[in-house]
Amino acid sequence: MPLLKIVNYPAPVLLAAARPVEEFGDKLAALVGDMFETMYHAKGVGLAAPQVNISSRIFVMDCSGSEDETQKIAAINPEIIYTEGKQTGDEGCLSFPGIYVPIRRNLRAILRAQDVSGNWFELDGTELTARCVLHETDHCDGIVFLDRMTVLKREMAKRKIKRLQKTGKWE
Ligand code: NI
């Protein structure tokens with residue numbers, strides 16, 4: 001299976017709400033397989049379709065880093081139906097290479113989504129799992145983690161991105 005090209009901020013596809021998935025079949029299953037492979041190759045714990053230049057409401061995640069098969073989740077048409085509590089922790093994003101910033105998120109989140117066959121499921125997660133489903137569902141809504149930073153951290157991150165762009169280290 002081919003690796004997909006991950007686009008970096010500020011690619012327009014990252015900043016637009018993605019379209020709902022209506023067709024479930026071989027094509028979707030193949031895309032999800034490619035997204036898992038691309039995510040593992042990039043050593044990420046989550047990857048959303050807009051990050052591979054596809055404006056569809058799809059993400060994959062695995063907070064175990066392929067150590068635990070039960071942690072391997074594909075979410076189609078994801079929505080967050082419940083949140084509670086707060087946590088702050090360092091976060092990165094494959095579309096922001098080299099940027100790690102503390103982000104305040106909910107401590108617990110319940111995700112509702114469809115699997116690759118179109119069956120609805122819920123995932124009730126805390127800590128890293130909650131952080132990941134919130135981050136990836138945001139991607140499907142055209143929200144990037146820059147939008148979740150404090151003003152000060154956002155300005156610092158933007159300056160770092162500009163420096164990297166100037167030196168050709170950020171495409
Ligand atoms: Ni991300």
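In strand E2, residues 58-61, Ile58 and Val60 point one way while Phe59 and Met61 point the other way, and all of them are buried, where buried means under 20% relative accessible area, exposed means over 50%, and partly exposed lies in between, with a 1.4 Å probe and protein chains only. Strands here are DSSP runs of type E with at least two residues, helices are runs of H or I with at least four residues, and both are numbered from the N terminus. The model is a predicted one, in which local features need pLDDT of at least 70 and side-chain atom pairs count only at pLDDT 80 or more, whereas totals for chains, interfaces and linings use all residues. Residues are numbered from 1 along each chain as its sequence is written, and side-chain values use heavy atoms, with hydrogens and water left out.

E2 has a pairing partner on either side. With strand E1, residues 46-48, E2 pairs in the antiparallel sense over three bridges, and Gly46 has Met61 as its bridge partner in E2; two strands count as paired if DSSP finds at least two bridges between them. With strand E3, residues 73-84, E2 pairs over four bridges, again in the antiparallel sense, and here Val60 is bridged to Ala74 of E3. E3 in turn pairs with strand E6, residues 108-114, through six bridges in the antiparallel sense, with Thr83 standing opposite Ala109 in E6.

These pairings belong to an open sheet of five strands, which follow one another in the order E1-E2-E3-E6-E7 with antiparallel pairing. Its edge strands are E1 and strand E7 (120-126), each of which pairs on one side only, and the twist from one strand to the next averages 40°. Helix H1, residues 26-41, lies across E1, E2 and E3 and runs at about 45° to E2; such angles are taken between N-to-C directions on a scale from 0 to 180 degrees, using axes that are lines fitted to C-alpha atoms, for helices over the stretch in contact.

Another pairing joins E4 and E5, which are antiparallel over five bridges, with Glu91 bridged to Val101 in E5. E5 has a covered face, made of Val101, Ile103 and Arg105, and an uncovered face, made of Pro102 and Arg104.

The loop between E4 and E5 holds Cys93, and from this residue the path leads to the metal site. The protein donors of the nickel ion are Cys93 through SG and His135 and His139 through NE2, at 2.0 to 2.2 Å from the ion. Donors are N, O and S atoms within 2.8 Å of the metal (3.2 Å for Na, K and Ca), and water is not among the atoms, so sites may look incomplete. Along the chain, the donors of the nickel ion follow the spacing C-x41-H-x3-H. Distant parts of the chain are linked in this way, since Cys93 lies in the loop between strand E4 (87-91) and strand E5 (101-105), while His135 lies in helix H2 (residues 127-140), 42 residues apart.

Cys93 is buried, with a relative accessible area of 10%, and His135 is buried as well, with a value of 5%. Leaving aside neighbours within four places in sequence, Cys93 is in contact with Gln51, Ile99, His135, His139 and Phe145, where contact means heavy atoms within 4.5 Å. On the same basis, not counting residues up to four places away, His135 touches Glu91, Gly92, Cys93, Arg105 and Phe145.

Taken as a whole, the protein has three helices and seven strands, and from the N terminus on its elements run α-β-β-β-β-β-β-β-α-α. The radius of gyration is 15 Å, close to the 16 Å that the globule rule gives for 171 residues, so the protein is as compact as a globular protein of that length; the radius is taken over C-alpha atoms, and the rule is 2.2 Å times the number of residues to the power 0.38. Buried residues make up 47% of the 171 residues, and among contacts between residues at least 6 apart in sequence, 64% join residues at least 24 apart.
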